[in-house]
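Let's walk through how the parts of this model sit against each other, first between chains and then inside one of them.

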Amino acid sequence: MNDEVIHLLRAGATEGIATAFRGVVHGPRFAGTTVGVRLAPILTGAGGANRDTPIYELCHFAAMAAALGYDDSNGRFLFFLGMERVTPAAVRRFVEETVDSQGWAREGHAFTERGMRANYDQEPFEVWFDRAPVLMALFEFLTGIDDVTFFREMDDLLQEMVTPPVTLRGIKDTANRISSRMRLWRRANIAWAAHEERFDKIAPYLTENSPNGYWVIDDEVIFGFWVLHSNTEKKPIREYATVFEAFATLMRVIRAGAVAEAASDARRLGTDFEAGEIEVANDSGTVTGEWESPLGVFNHPNLKSIRFFKGEGERAPIERLMEFGPDAQRLARAFLRLESFAPTQNVISNAIRFKRGPGAISDGIACTNTLAYLSFEEILTGVLDHIGRLQLAAMHVLRAEVDEDAFAPIAEQARTAFEELRRKGFDDDDPGEDQREAFQVAADALPRIAGQLRGFLERMREMEQGESELNQIFADDVALFSRQFHAIYGHRR
Amino acid sequence: MTRFKAPSAASLAGIREEFTALGAARDLANESDGGDVAIKLPMSRVYAYANGRISYPDIGIEAALAGTPGLRAAFRRLVMAAPTYRFERAIAASEGGPLTRRTEGAEIRFSASRAHKDRIYIIIELASPERTPKTMTVFYADDRAVRLGLPIAQAGIIQLLVRKDSGILRALEDPDSNIALM
Amino acid sequence: MTKTAVYIATTNGPVRVELISQEDIARSIVVKSADFVPLADIAEEYQHFVSGNGPVARAFGPFDPPMFSMELSAEIESGRSWHLAAFIAHGLAAENRLAGPKDEPEAVVWATGVMGNNFSVAAEHIGLKIEHSRALFKETTSAGIALHVVVPDGSLDEADHVPLATHHHVSDARAALQSLNVTSDGALSAMEITASTDRANQAPTSKKWRRAWIIGGISALILAIVTENTTGWIMTEMLNLSPEKPTMSVALAETTEKQGIQPTPLEQNVVVQLDEIRASSDTSCAGVHFRGGLGNLVPVRMNGDGVGADSAGGGLCGIQISLSSVELLSVERVSIETVAGNFVGHSGNSFNLAPVSKGSWRLFVPRTFKIPIVYKIRLVTRAGSDVSISHKVMP
C-alpha cells in the first residue's frame with residue numbers, strides 16, 4: 001500500500017473523484033485561479049441551504065452564453081470548454097469581444113461593472129466574471145460525472161433551457177434537475193463517514209467542556225480533544241493536524257451560519273459574545289467572507305515565472321498560516337502546535353511505516369528535532385521582511401501607475417529592493433505586459449500575506465511576557481506532546 | 001478563543017452536514033495538490049481533441065475513449081455538434097462496399113483503385129472550397145470512432161487512397177455510421 | 001516487353017516514377033508510393049499537366065477515365081522540373097513500358113526539364129542534380145543497364161556528361177520521346193533526332209494516285225494536315241503517299257459533273273482519299289504519333305453519298321486524308337467540321353487544313369474516347385464547288 005493510497009484513505013476521498021477533480025483543476029485552463037478550493041466545497045455539497053446555488057448560477061451563466069450567441073450545443077461547448085485560459089480577465093475579454101463583434105443575440109442582457117446581468121420578468125440576475133472560472137470548472141466537472149453518462153443529459157437539459165422563450169422558471173427547473181443529479185452523485189461518491197464521525201465526537205465534547213449554552217473553541221479544547229481521541233481503541237483520530245483542521249472547519253461553519261442568521265435578522269456583528277454576538281477578528285482576515293489563502297495566486301503561470309518565493313525557505317513556512325488565516329490567529333498556540341508537532345507526528349508514523357528503526361521513533365516521540373516556537377518566530381520574521389522587500393520591488397516595477405507624490409519618499413528604497421532581489425523575474429524593471437500584470441496581482445496579494453504574518457507574530461508576542469516565555473511555552477508543549485506520542489506510539493518502538 | 005452560542009438541536013443537523021461537506025472538500029482540495037498523481041481526462045481536453053486542437057491520434061485520449069462508453073458518446077456529440085460537414089446514415093442499401101454519402105455542400109464517394117486491387121479511393125467533393133476540412137471522423141457501432149487526417153484539398157476535392165481492409169473503410173461500410181468532416 | 005525506369009532528377013537526388021495509372025477519380029493526383037500520401041505541392045500542377053491543354057492531354061488524350069495517379073518513390077519539392085521525366089513516363093506507361101518498383105528495368109531514363117506550352121524544355125541546377133544522382137548512375141551502369149540522360153539542349157556541357165550514359169539534348173519534349181525509341185527486341189536505343197525530323201519533313205510524292213470513288217452529287221477534295229493549334233503545339237506530318245494497296249477516294253471531277261458543274265481541267269485531276277491509320281506489328285500508335293511511323297493504312301469505304309463507312313476506334317491511330325493532284329491551286333480551302341468528339345490537338349468545332357499544297361494530312365484519334373468522333377471534310381474550290389465528305393470514328 002503506497003503513500004498515495006494511504007493518504008487517500010485517510011482523507012476519505014475516493015480515488016475516482018480526486019483524479020477527476022485534479023483533471024479539471026490542475027490543467028492549464030485554471031492554473032493559478034484558486035478554482036480548486038472554490039470548486040471542492042460545491043462538489044461536496046457545502047453551503048447549507050444554498051448548496052445548490054452554484055448550479056443555479058451555472059444555469060444562468062449558460063443562459064447568458066446563449067444570449068451572447070452560444071445557443072446550441074456547439075456554442076455551449078465552445079463557451080464552457082473551449083477557452084484555453086479561464087481567468088476572470090480572460091472570460092471578460094472573450095465575452096466583450098463577442099459583443100463587440102456581433103452584439104447580444106438576445107435582448108434583456110447587459111454588462112455590469114463586475115459581470116453580466118440578465119433580466120427575466122423584471123427579475124435581474126447577475127454573474128460576476130470573478131465567478132466565471134469556478135462555474136466553468138463546475139460545468140466541466142459535471143460533464144464527466146458517473147463515467148460521463150450525464151454529459152448528454154445535461155447538454156439536452158441546457159439546450160431545452162436556452163430554447164426561446166427563456167424564462168426564470170425554466171432556468172430554475174433545469175437547475176433543480178441538475179442539482180438532483182448532483183445529490184445522487186454525492187451520495188454515491190463522497191466519503192462523508194469519517195467527517196460525520198468526527199463531528200459526532202466533537203459536538204458532545206464541546207457541549208461537555210464549555211459553559212452551559214455555549215461552545216468554546218480554544219487551544220486547550222483542541223489539545224484536550226486530541227489527547228482524548230488519539231489513543232482510543234476504536235477509530236482513533238490520531239493526527240493532531242486532523243483535529244486542528246476539524247475544529248477550524250467547525251468554526252468556519254458556525255460563523256457562516258451565524259452570519260447568515262445575522263444578515264437575515266440584522267443583528268449587529270461585534271465583539272460582545274455575551275450578547276450572543278460573534279467575535280470578529282480585528283485584522284485583515286474577516287469572518288464575514290470565506291477566507292482564501294492569498295498564496296494561491298502565486299500558482300498562476302505568469303507569477304510562477306517570477307521567483308517571488310523560494311520554496312522551502314520562504315513559502316513553505318507560511319503555507320499553513322495563509323491557509324487558516326484568521327483562525328490561526330484566534331488559535332495561536334494550537335496553530336504553533338500544528339506547525340511544530342504535526343510534522344513530528346508525520347516523522348514518527350513514517351518511521352513506523354518504513355521501519356526506520358527504534359532510534360528514529362524514539363527521537364520523534366521525544367520531539368528531539370521538533371521546530372521550536374522561537375525558531376518559527378524567527379522564520380516568520382524573516383519571511384515578513386522578505387514580503388516587505390517584495391512589496392517595495394513591486395511598487396518599483398509599477399511606479400508608473402502609482403501616484404508620484406505618494407511614491408517619491410520610498411522611490412529609492414523601492415529601487416534598491418528591486419535591484420537587491422537577484423532572482424528570476426527581477427532583472428528587468430520595465431517588463432512586458434504579462435510580467436507587469438503578474439506584479440500587479442502580487443502587489444494586491446502581498447499586503448494580505450503581510451497582514452496575516454504581522455497579526456500572527458503579534459499573537460505570539462502576546463503569548464509571552466519575555467523572550468524566555470516562548471521557550472517555556474514550547475518546552476511545556478514538548479512535554480505534553482511527547483507524553484501523548486508515547487501513549488500512541490510508544491509500544492511501536 | 002472563540003465562544004459560540006451552542007447550536008440548537010434543530011440547527012445541529014445542518015451544521016453537521018456542512019461540517020462534513022467542508023471536511024470532504026478540504027480533503028479533495030488537499031488531495032489534489034502536487035506530486036505525480038493520477039489525473040482523469042478532463043472534458044476540455046476531449047473537446048480540444050474533437051475540434052483538432054490536439055492532433056490525432058493521442059494515445060492517452062484514445063485509451064480513455066476505448067475504455068469509457070460514456071466518454072465515447074460524449075466525444076461523438078462534441079464532434080457532431082461542431083460546424084462541419086455532417087453525414088448521417090446512408091440512405092440506400094448497398095450490395096457491397098461503402099455507399100456514396102451526400103450532405104449539403106459535400107459528397108463522399110468511393111472508387112476502386114485500378115492500380116492497387118487492395119485499395120480504394122475516398123473522394124470528397126466540396127461545393128465550397130473555402131470550408132476545407134482537415135479530418136474525417138467516422139462514428140460507428142457503440143459510439144466507436146475512426147479518424148483520418150485529410151490531405152489538402154485541391155479545387156474543393158480531397159482524395160486519399162486507403163486499404164480496403166482498413167479501419168476507416170470498415171467504418172464507412174456501415175450504413176449506420178455518421179461521418180463528420182472538420 | 002522491355003521496361004524502362006524513369007527518374008526525375010532533383011537537387012535532393014533522383015526520384016523514381018514508379019507507377020502511372022488511369023483512375024476513376026475526380027482529379028489527378030501525385031502520391032508517394034510507400035504510403036500513398038498525396039503530394040499536395042505538385043498536385044495542382046500535375047492536374048494541369050495531364051488534362052485540358054496540358055502536354056500529356058494534348059499528346060495522348062483525351063482519356064477515359066480522364067484522371068491519373070502518379071506514384072513517386074519520394075517527395076519532390078514544388079517546382080516544375082519534373083515535367084520532362086513525367087512526360088516520358090506517361091509515354092512509356094501508355095505502352096505499358098514503364099518499369100514499376102518490382103520490375104527489372106532494361107533501361108533507365110534520368111531526365112529534368114520544365115515544359116512550356118509548346119513542348120519546349122528548360123532546366124536549372126543540372127550539375128547539382130547530376131551530382132546527387134551519382135549513386136544511381138553507378139548502380140545502373142554497373143548492372144549493365146542502359147542509362148539515358150535527357151536534358152534540355154544547351155543545359156549540359158559535354159565535359160559534364162555522365163560516364164557511360166547516352167545523352168539526349170532536346171529542345172522539344174516530343175523529340176525526347178522520339179529519341180528514346182523502344183524496339184521489340186530490347187533495350188532503349190537512341191535515334192538521332194535529325195533522322196526522325198528529316199523523315200517527318202519528307203515531301204509527299206504527290207504523283208502517286210489512289211483509285212478514286214465517285215460520290216454522287218458531291219465532289220470532294222480532301223486535304224488534311226495537322227496544324228499548329230491555338231496554343232502553339234505544332235505537329236506537322238508530311239508523309240510518303242505510296243500506299244501499299246488501293247484505297248478509296250473521291251474524284252472531284254466526277255462529283256462536280258454530277259452537280260452540273262463542268263470541272264475545270266485542274267479539277268479533273270483532283271482525287272480525295274480517306275484511310276484508317278492503324279498500328280502495325282512494328283509501329284504502335286505512339287510510334288505513329290511521335291516517331292513518324294506510317295502504321296498500317298486501311299482504306300475507308302465510301303458510299304455514293306459521300307459518307308464513309310464508320311471506323312472502329314480500337315487500334316485506330318488516326319485518319320489519313322490525301323489529295324491526289326499536283327495542281328492544288330484549284331483548291332481554295334479545306335476544312336474539318338467536327339459535329340461530335342475531337343481529334344487530338346483540336347478542340348474546336350471547325351478548323352482549316354493548311355496549307356492546301358501539302359499532299360496528305362493526318363488527324364490523330366485519342367487513345368481512348370467515349371463519344372464517337374463525327375466530322376465532315378469540306379472542300380471549297382476556286383471555281384466555287386463546295387463539297388463535303390462525312391465520316392465517323394466509333395469508340
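## Where the two chains meet

Keep in mind that this is a predicted model. On the chain A side, 73 residues take part in the contact, and chain B brings 50 residues to it. Put together, chain A and chain B bury about 5,800 Å² between them, and carbon and sulfur atoms account for 64% of that.

## Charges and polar pairs between the chains

You'll find 6 salt bridges between chain A and chain B. For one to look up in the viewer, try the side chains of A:D156 and B:R77, which form a salt bridge at 2.8 Å, N to O. There are also 19 residue pairs in polar contact across the interface of chain A and chain B, counting pairs with both residues at pLDDT 80 or more.

So much for the pairs; what about the surface of chain A itself? Helix α12 of chain A (residues 240-265) gives the most to the side that touches chain B, namely 9 residues. Sort the residues on that side of chain A by type and you get 33 nonpolar, 19 polar and 21 charged.

## A strand pairing across the chains

The two chains also share some strand pairing: strand β4 of chain A (residues 214-217) and strand β1 of chain B (residues 2-5) run antiparallel and are joined by 4 bridges. Which residue in β1(B) is the bridge partner of A:Y214? That would be B:K5.

## Inside chain A: domain 2 against domain 3

The domain assignment splits chain A into domain 1 (3-190), domain 2 (195-290) and domain 3 (291-493). Where domain 2 and domain 3 of chain A touch, domain 2 puts in 28 residues and domain 3 puts in 27 residues. About 2,400 Å² is buried between these two domains, with 59% of it from carbon and sulfur atoms. Looking at what domain 2 of chain A buries against domain 3, A:D219, A:Y240 and A:F244 supply 24% of that area, more than any other three residues.

The count between domain 2 and domain 3 of chain A is 2 salt bridges. A:R255 and A:D327 make a salt bridge too, with their closest N and O atoms 2.9 Å apart. Polar contacts add 10 residue pairs across the interface of domain 2 and domain 3 of chain A, both residues at pLDDT 80 or more. On the domain 2 side that touches domain 3, the elements giving two or more residues are α11 (219-230) and α12 of chain A. By type, the residues on that side of domain 2 come out as 12 nonpolar, 7 polar and 9 charged.

Key:
Residues numbered from 1 in each chain as written. Chains lettered and ligands numbered in written order. Predicted model: local features only at pLDDT ≥ 70, side-chain atom pairs only at ≥ 80, totals over all residues. Heavy atoms only, no water. Contact = heavy atoms within 4.5 Å. Buried area = accessible area lost by both parts, 1.4 Å probe. Salt bridge = Lys/Arg side-chain N within 4 Å of Asp/Glu carboxyl O. Polar contact = N/O pair within 3.5 Å; in protein donor to acceptor, adjacent residues only side chain to side chain. Nonpolar A, V, L, I, M, F, W, Y, C, P; charged D, E, K, R; others polar. Pairing = 2+ DSSP bridges. Domains from an automatic or database assignment.
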